[in-house]
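Grab a pencil and work through these exercises with the structure on your screen. Try each task yourself before you read its solution.

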Amino acid sequence: MSEHLSARQTPADRPSLWRHWRGLGAWNYYYLLKFALLWHGYLNFDLISNLIFVAFLLCPLPSARLHRIRMWVAIPIGLGLFYHDTWLPSYQSILSEGSQVAGFSPAYLLDLANRFINWQWVGIAFAMLVAYLFVSQWIRVTTFTLVALVWLTAVQVLPERVTSAAPNAAVVTTAPAGGAPAVGAGAAPGAAGAGPAQTLPPTNANLTAYLNQFYDQERSRATSFPAQLPADAQPFDVLVINICSLAWADMQAVGQDSSPFWSRFDIKFDNFNSATAYSGPASIRLLRASCGQPSHHDLYQPAGQQCYLFDNLAKLGFTSQLMMDHSGVFGGYIDDLRKEANMQAPLMSQQGIGHEMTSFDGEPIYNDLEILNRWLNTKQETPRSATFFNLIALHDGNRFIGENKSADYKTRATTLLNQLNTFFDELEKSGRKVMVVFVPEHGAAVTGDKMQMSGLRDIPSPSITHIPAGIRFFGMQAPHQSTPLTITAPSSYLAVSELVARSVDGKVFTAPTVDWSTLAQNLPQTAVVSENANAIVMQYQGKPYIRLNGGDWVPYPQ
């Protein structure tokens, strides 16, 4: 790729930097920059595509004219290959989300554009360019580029060949893996095993087989609700609080992971997986919590009637209600709830509710405490109700009224947790029997990582899908524990559905004492598998792996 300069050449004989740069030498820099990004985990590397591209660049051609044509043809191919090797959203994702992006406010789009540019790496790329133009006049850089490509080939191909050649290496069994995961102090014991065994090497074939076995197992799992309530059942209400953009990583980033709010639950999940990074799929999964975890594709297919949590409650006399602090129009959110989650309850009126924030698409975000207090102070027409409340106050790009820049996440998170604390106090004082189910949608990606900039959730990374979840019973006769009973086993929506099913008779509210360990004993565990339309991330042997657009599995950059 780089033109070699003989030691016998005089300075006048040496080609100019421009002639050197417009030749194949430019592609040496292209690959050196790629190797630097790959080394730091900011880049994937499609080995086959890059080897073909290098062969195209090095193939001998008989005339200078063909060389020039090849250079012009190589430019769009090289740019496309570079984009393909980044962790940026695929073109399929951009096309599928294009209509939603078009709905963002101009100020939010400008904010995203500023985050998109990594100025540190712009500087590094410039420094590498200067160094390359200097060094390449005396050193044949092509040799180093080809050696690096050979080394990458050996690293990626040889381990896969060795492990796949081992006996039975491509067969994933479905026996439970070892014993139950470790639980923290005061934690409830979980059911042994979470998903298929993870005993085989993490080859591409084994990871794909494991994922397929996971789906097969999940299809057979469902919560058993009673056919009818006993005669001495106690009426109460279920309130499901579903908050957009709240994960443990976000709370740690803004110093709210130790907020007193988290100690107010009776049962708290410390290892809960939202299974997705987008709002619509997350809410559908929660409302379909009574069956095992489906794939993203199956999430938008008809499900059995037993899968819908609120339908199961409706059969036992619970009247469904729907509340939101937004209109639900953006992205067809409320339409998805109607069609895919069978949530047919009318949206509770927002008339008269104040608002201090405007959403990323310019619509008002209503005050969450006022909405919750309206729910609390409204006389229920039936003795039992089940309410789904979706909140977007923490969504990326929201702005305080009168401001153009995005509102500070820490300020909004602190305000929301204080509002929830105040509501819990009011609910406690009211004496009303309520089972609060707290399950956020997903995280906000406040800090971002090597794969995604801050605020981008195209890839359901562990920091986005690891969310706080918990259960709190209000109006009980029995005293609450001083600290929550903590579930540390890998859990997801099915465990929430199971806790609701175990509590539907309402006897927990009138019992003089509550055995929390028994109530939470052997809750269904769920292996950590998360996905959006074009990305899957799952834990295997304690490490996260990612597959984009149906390609090969690679370790998630840490």
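**Exercise 1. Decide whether S245 is buried, partly exposed or exposed, then say where it sits and what its phi angle looks like.**

Step 1: This is a predicted model, so the values here are computed from predicted coordinates. S245 has a relative accessible area of 1%. Buried means under 20%, so S245 is buried.

Step 2: Now find S245 along the chain. It belongs to the loop that runs between strand 1 (237-243) and helix 9 (248-253).

Step 3: Check the backbone. The phi of S245 is near 70 degrees, which is a positive value in a residue that isn't glycine.

**Exercise 2. Do the steps again for Q541: is it buried or partly exposed, and which loop holds it?**

Step 1: Q541 has a relative accessible area of 38%. Partly exposed covers what lies between the 20% and 50% cut-offs, so Q541 is partly exposed.

Step 2: The loop in question links strand 12 (535-540) and strand 13 (543-548).

Step 3: Phi of Q541 is near 55 degrees, and that's a positive value in a residue other than glycine.

**Exercise 3. Describe the surroundings of Y30 and of S463.**

Step 1: Start with Y30, which lies in helix 1 (residues 17-39). Its relative accessible area is 11%, so Y30 is buried.

Step 2: Look for partners beyond four places in sequence. Y30 touches F53, G78, L81 and F82. The C-alpha atoms of Y30 and L79 are 9.7 Å apart, with their positions 49 residues apart in sequence.

Step 3: Turn to S463 in helix 16 (residues 462-465). With a relative accessible area of 33%, S463 is partly exposed.

Step 4: Skip the neighbours within four places again, and S463 is in contact with A247 and A249. From the C-alpha of S463 to that of T447 is 9.4 Å, and these two are 16 residues apart along the chain.

**Exercise 4. Work out how well covered helix 17 and helix 10 are.**

Step 1: Count the buried residues of helix 17. They are 10 of its 11, so you can call this helix mostly covered. Among them are Y493, V496, L499 and S503.

Step 2: Ask what does the covering. The elements over the buried residues of helix 17 include strand 2 (267-273), helix 10 (279-287), strand 8 (434-438) and strand 9 (466-474).

Step 3: Now take helix 10 itself. Nine of its nine residues are buried, so the rest of the structure largely encloses it. The buried residues include P281, I284 and R285.

**Exercise 5. Find the largest nonpolar core and the element that gives the most to it.**

Step 1: The largest nonpolar core has 55 residues, and F269, F388, V437, V439 and F473 have the most contacts inside it. Helix 17 (residues 493-503) gives the most to this core, with six residues.

Step 2: Zoom in on F473. Its contacts beyond four places in sequence include D266, V434, M435, W516 and L519.

Step 3: Apart from this core lies another one, of 34 residues, with I353, L369, L372 and F474 among them.

Step 4: Put that in context. In soluble globular proteins, nonpolar side chains tend to be buried together.

**Exercise 6. Say how many cavities of 30 Å³ or more there are, and describe the largest cavity.**

Step 1: A search of the whole structure turns up six such cavities. The largest cavity holds about 90 Å³ of space.

Step 2: Its lining includes E218, R285, R288, Q293, Y493 and L494.

Step 3: Sort the lining residues by type: five are nonpolar, four are polar and three are charged.

**Exercise 7. Judge which stretches of the model to read with care.**

Step 1: The mean pLDDT of the chain is 84, and 83% of its residues reach 70 or more.

Step 2: Over residues 1-21 the pLDDT is below 50, and this stretch has 39 contacts beyond near neighbours in sequence. Over residues 160-193 the pLDDT is also below 50, with 57 such contacts.

Step 3: Draw the conclusion. Where pLDDT is low, the predicted coordinates shouldn't be read in detail.

Note on methods:
Residues are numbered from 1 along each chain as its sequence is written. This is a predicted model: local features need pLDDT of at least 70, side-chain atom pairs count only at pLDDT 80 or more; totals for chains, interfaces and linings use all residues. Side-chain values use heavy atoms; hydrogens and water are left out. A nonpolar core is a set of buried Ala, Val, Leu, Ile, Met, Phe, Trp, Tyr and Cys residues joined through side-chain atoms within 4.5 Å. Buried means under 20% relative accessible area, exposed over 50%, partly exposed in between (1.4 Å probe, protein chains only). Helices (H or I, at least four residues) and strands (E, at least two) are DSSP runs, numbered from the N terminus. Contact means heavy atoms within 4.5 Å. On a 1 Å grid over the protein atoms alone, a cavity is a set of points where a 1.4 Å probe fits but cannot get out, and a pocket is an open set with protein on both sides within 12 Å along at least five of seven lines; lining residues have an atom within 4 Å of a point. Grid points are joined across faces, edges and corners, and a volume is the space filled by probe spheres set on the points. Ala, Val, Leu, Ile, Met, Phe, Trp, Tyr, Cys and Pro count as nonpolar, Asp, Glu, Lys and Arg as charged, and the others, Gly among them, as polar. pLDDT is the predictor's confidence in each residue, from 0 to 100.
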